[in-house]
Amino acid sequence: MTIVKITDVAVAVLIKPDGSFLLSSRPKGKPYAGFWEFPGGKIEPGEWVRDALLRELREELNVVIDQCTPWFTFMMVYPHATVRLQTWRVTRWHDVDERGMTGLEGQQFQWQQLQGISVTPTLPGCAPIFRALSLPTTCLISNAAEMGEKEYLQQLRAVWGKKAANAARNNEFVAGAGGLIQVREKQMSDQQRREFATAVVAIGREFNAVVMINSEIELAHAVAADGVHLTGSQLHTLAVRPEFQWVGASAHSRADLLRAAELKCDFVVLGNVQATATHPGRVPLGWKKFADMVDGTPLPVFAIGGLTPDDLAPAVQHGAHGIAMQRAGL
């Protein structure tokens with residue numbers, strides 16, 4: 001049996017408040033010289049990922065990381081090596097000295113935005129990160145049957161409209177879609193659910209948002225939704241990924257997380273982190289267990305369960321991509 005050597009690499013995704021991110025070119029003499037990538041480098045034996053990021057950014061770009069959080073980990077097979085890319089989001093940093101951010105290894109660097117990446121070629125390992133960057137950090141779970149369909153649609157339009165207006169006013173690039181929602185209305189009749197989903201899709205088109213349908217693949221196709229969100233049981237019964245632009249999945253265990261990656265889902269929703277009215281009898285994970293479960297996960301993970309917008313920061317600190325909310329969403 002051939003043993004494949006795996007090289008662990010720490011990847012720093014530096015992100016500004018406007019959503020722009022940093023790419024740098026690979027120096028001469030290295031494989032893929034001239035290709036563009038996210039900064040970072042090999043993790044030394046016994047070295048923590050965060051320590052590797054601190055060292056690499058100081059050596060490569062003359063900056064010191066002030067704030068960074070774990071994100072997701074995935075494998076890439078190149079002709080010269082098999083690498084495990086451990087991505088972290090870096091949201092605060094400062095210059096080492098008066099030279100400022102500088103390519104200390106002779107590399108170039110440029111700030112980029114998803115809607116207009118101007119540097120080419122980029123390494124294949126950039127693609128999963130670009131994909132994750134296009135996901136908003138908040139996922140709404142609809143509860144129109146509880147709130148009232150008309151009221152819910154009005155509030156959804158107001159929330160997404162305000163978000164779009166603020167971004168335009170501040171000249172910000174909002175990373176990814178204008179919003180992300182999962183239509184989950186089990187209390188509605190089939191016809192009501194179809195009509196409601198159709199209305200949500202129409203609003204989503206207006207604000208460039210991603211609309212996904214919970215579990216019902218046929219309904220998602222019928223209303224031309226952007227994707228489908230799989231249940232835990234669907235994760236383990238479907239043989240192939242459904243044909244949509246976006247596929248998410250609910251997870252309650254480490255095995256679910258790994259199966260979602262095998263099925264080539266784009267993200268997972270893991271919970272419940274705290275006590276929730278949706279699952280009153282289920283014991284909450286808590287943030288520590290959540291962090292342990294998502295450590296090294298190959299997909300971005302949304303935390304769910306009794307969360308509010310105030311929980312976004314602690315969720316990210318514990319390895320989440322973002323948060324999913326139902327009753328506190330609008």
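Student: How much area does the chain expose, and what share of it do carbon and sulfur atoms supply?

Tutor: Accessible areas come from the Shrake-Rupley method with a 1.4 Å probe, and for residues only the protein chains shown count as cover. Here the chain exposes about 15700 Å², of which carbon and sulfur atoms supply 53%. The model is predicted: local features need pLDDT of at least 70, side-chain atom pairs count only at pLDDT 80 or more, and totals for chains, interfaces and linings use all residues. Residues are numbered from 1 along each chain as its sequence is written, and side-chain values use heavy atoms, with hydrogens and water left out.

Student: What percentage of the residues is buried?

Tutor: Buried means under 20% relative accessible area, exposed over 50%, and partly exposed in between (1.4 Å probe, protein chains only). In this chain, 49% of the 330 residues are buried.

Student: Which strands form the open sheet, and in what order?

Tutor: Strands (E, at least two residues) are DSSP runs numbered from the N terminus, and two of them pair if DSSP finds at least two bridges between them. The open sheet has three strands in the order β3-β2-β7, paired antiparallel. Its edge strands, β3 (36-37) and β7 (109-112), each pair on one side only.

Student: How many bridges join β2 and β3?

Tutor: Strand β2 (residues 21-25) pairs with β3 over two bridges, in the antiparallel sense. Within this pairing, Ser 24 stands opposite Glu 37 in β3.

Student: What are the spans of the C-alpha trace?

Tutor: Along its principal axes, the trace spans about 65 × 55 × 35 Å.

Conventions: Helix = DSSP H or I, 4+ residues; strand = E, 2+ residues; numbered from the N terminus.
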